[in-house]
Amino acid sequence: MTAVGRSAVSTAKRLAPRGEGFDPARARQDFPILRNTGLIFLDSAASAQKPQCVIDAIADCYSRDYANIHRGVYELSARATANFEAVRGTTQRFIGAAEAREIVFVRNTTEAINLIAATYGRQNVGPGDEVLITEMEHHSNIVPWQMLCEATGATLRVAPIDDRGALMLEEFEKRLCSRTKIVAVAHISNALGTINPVDEITRLAHAHGAVVVIDGAQAIPHHRVDVTSLDCDFYAFSGHKVFGPTGVGVLYGKAALLESMPPYQGGGSMIETVRFEKSTYAGIPQRFEAGTPDIGGVAGFGAALDYVTGLGLDAIERHERELLAYTTDVLAEIPGLRLIGTAAQKAAVVSFSLDGVHPHDVGSILDHEGIAVRTGHHCAQPVMEHFGVPATVRASLALYNTREDIDALVRALHTVRELFK
Amino acid sequence: MSSDLRELYQAVILDHNKRPRNFRKPECANRTAEGINPLCGDQLTVYLNVEDGVVKDVGFSGTGCAISTASASLMTQAVKGMKIEEAEHLFEGFREMVTSDPQAKPEDESLGKLSVFSGVREFPMRVKCATLAWHAMSEALHDTGETATTE
């Protein structure tokens, strides 16, 4: 490695072919916050920015089509309900679910996982049973299972990762047994970018009779997902990471499983009849959607899925894969930079540390240069422990990022090195 | 490089980050407190030897960013030899300096060397880094046995 400044970005690399049929610079114009400011946003794994069409859809909902849903006989309420349910259909098609009623709207990935733990988990997991996760999970795919295990007397087991941050599949398989009731894994690691072999994981887990929960928070904005061919039992993700508003998340569950599960929260919308002696519950998905949902948020979420579909997930993925390769190359040329997470199958998340400089100092200086990155443990403290670092700097990419963003990152990292030399 | 970045990362701060002073546990330590910043995982422990109401010795251990490490290092130098009340008073003055309105700029001369942290005012996200060791020191003075946090 040699010390280089702007020349880190060689002409040859600049001329390398980009993803065909997709222009990130043009897509960037769809995002007011990026269009109107010089912001270089490299923190989309935490939450993505919103295109104008999503902002408009929310405003349109409240300006023209808003009333509570599933209630009124008046036309406006019927229209609001139809719009809301149409997004359920959009979501079904987006992830390849067999039926729209397999889509449950929740607040976010975290709530989706907690819902499964509190309903399916409490119903099916008992003393001596096991829940299997991996070492690379986000806290939201660890803590709900710990709570379930504490409440039921079950044991939480953890499959290790190797030094590149890939799941050790043989070790994972060794931890599967007849007591394994639930396997919960990230599709893509938020801290490392590792793409897990979820097909293989699902096949192995099913062979041992366990149900499979996939935390798809990081996969949905970057990767075509088909839950039917994947054959997972549950798939959870958040709308805000796929360019939708905060406050809307999705739990996909196989219809037969959802049918067998008790309600999550009690209240309006989730009932069939209410008597003081006993109430009966609605069918799926309403059984899991107590109370008035985020109606405006769901409108925005639908627009976000349409937006991504319009651009084409395959084109987005191609662009991000190319940008990841570029990023990895130019960062590797920075002296003292250590990439954390170098699995063969990786999405556009780049975690790193810089010799002798704490990630927070890096983050402050990058911020000062107009570059937003995440610094810290990324809600994945066990991952930090595995790599022996208290925290990392994480640059996470999305469809609107360009090579120019990465070039600016490289220049700013040289500023950091200069300051701390 | 911009001037407020240089102002934040002054040479004294970079030096204390690289070579933190009193980075040790004094053998005679009789009061201890841990400070953690749950947001970023910074974690340090402050050890005091307090006799007759005076901080006879002070040290620290742990990991953190340049601002929190340098702040801990300079804090240990500043409070050594002080009476408990003086150390508390200094913490108050320090906290005021790093949280005051950057426009106002009332330079408190009694802070001496600690005024290198005045640049923190321009970076509100870093105030917690600068005050972490001080919070822990204050906890240790009263040795409540609790962990100091920046939250």
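**Helix crossings and contacts in a two-chain model**

Let me begin with one crossing, that of H14(A) and H16(A), which is right-handed. Before I go further, please keep in mind that what we have in front of us is a predicted model. The two helices pack at an angle of about 125°, and their axes are 9 Å apart. How do H14(A) and H16(A) lie to each other? An angle over 115 but not over 145 degrees is neither roughly perpendicular nor roughly antiparallel, and H14(A) and H16(A) are therefore oblique to each other. On the side of H14(A), the residues that meet the partner are A:Val362, A:Ile365 and A:Leu366, while H16(A) brings A:Ala412, A:Thr415, A:Val416 and A:Leu419. Sorted by class, the residues of this contact are 6 nonpolar and 1 polar, with no charged residue among them.

These two helices also appear where the chains meet. How many residues of chain A are in contact with chain B? There are 13, and they are in contact with 15 residues of chain B. On the chain A side, helix H14, which runs over 359–368, and helix H16, which runs over 403–419, each supply at least two of the residues that touch chain B. Of the elements on that side, H14(A) gives the most, with 5 residues. If you look at the character of the side of chain A that touches chain B, you will find 5 nonpolar residues, 7 polar ones and 1 charged one.

Now let us step back to chain A as a whole, which is divided into domain 1, made of 6–50 together with 312–419, and domain 2, made of 55–310. The C-alpha centres of the two domains lie 28 Å apart, and the contact between them takes 28 residues from domain 1 and 27 residues from domain 2. Which elements of domain 1 each supply at least two residues of the side that touches domain 2? They are helix H13 (313–332), strand E12 (349–354) and helix H15 (381–387), and H13(A) gives the most to that side, with 5 residues. By class, the side of domain 1 that touches domain 2 has 16 nonpolar, 7 polar and 5 charged residues.

A second helix pair in chain A is formed by H5, residues 75–95, and H12, residues 295–311, which pack at an angle of about 40° with their axes 9 Å apart. That angle makes H5(A) oblique to H12(A), and the crossing of this pair is left-handed. From H5(A) the contact draws on residues including A:Phe84, A:Val87 and A:Phe94, and from H12(A) on residues including A:Val298, A:Phe301 and A:Leu305. Taken by class, this contact has 10 nonpolar, 5 polar and 1 charged residues.

In chain B, I would like to show you helix H3, residues 66–79, and helix H5, residues 127–142, which also pack at an angle of about 40°, here with their axes 7 Å apart. H3(B) and H5(B) are therefore oblique to each other, and H3(B) passes H5(B) in a right-handed crossing. Among the residues of H3(B) that take part are B:Ile67, B:Met75 and B:Val79, and they belong to a set that meets residues of H5(B) such as B:Leu132, B:Trp134 and B:Met137. This contact divides into 10 nonpolar and 2 polar residues, with no charged ones.

Two details of the backbone deserve a moment, and for them it helps to know that most residues other than glycine have a negative phi, and that most peptide bonds are trans. The peptide bond from A:Ile284 to A:Pro285 is cis, with omega near 0°, and A:Pro285 has its place in the loop between strand E10 (279–281) and H12 of chain A. A:Asp231, although it is not a glycine, has a positive phi of about 70°, and it lies in the loop between helix H10 (227–230) and strand E7 (234–238) of chain A.

Finally, a word on confidence. The model scores ipTM 0.85 and pTM 0.90. Chain A averages a pLDDT of 93, with 95% of its residues scoring at least 70, and chain B has a mean pLDDT of 89, with 90% of its residues at 70 or more. Where in chain A does pLDDT stay under 50? It does so over residues 1–19, for which the model has 22 contacts beyond four places in sequence. Where pLDDT is low, the predicted coordinates should not be read in detail.

Methods. Residues are numbered from 1 along each chain as its sequence is written. Chains are lettered from A and ligands numbered from 1 in the order in which they are written. This is a predicted model: local features need pLDDT of at least 70, side-chain atom pairs count only at pLDDT 80 or more; totals for chains, interfaces and linings use all residues. pLDDT is the predictor's confidence in each residue, from 0 to 100. Two residues are in contact if their C-beta atoms, placed from the backbone, lie within 7 Å. Helices (H or I, at least four residues) and strands (E, at least two) are DSSP runs, numbered from the N terminus. Ala, Val, Leu, Ile, Met, Phe, Trp, Tyr, Cys and Pro count as nonpolar, Asp, Glu, Lys and Arg as charged, and the others, Gly among them, as polar. Axes are lines fitted to C-alpha atoms, for helices over the stretch in contact, and angles run from 0 to 180 degrees between N-to-C directions. Angles under 35 degrees count as roughly parallel, over 145 as roughly antiparallel, 65 to 115 as roughly perpendicular and the rest as oblique. A crossing is left-handed if the near helix is turned anticlockwise from the far one by less than a right angle, and right-handed if clockwise. Domain bounds come from an automatic or database domain assignment.
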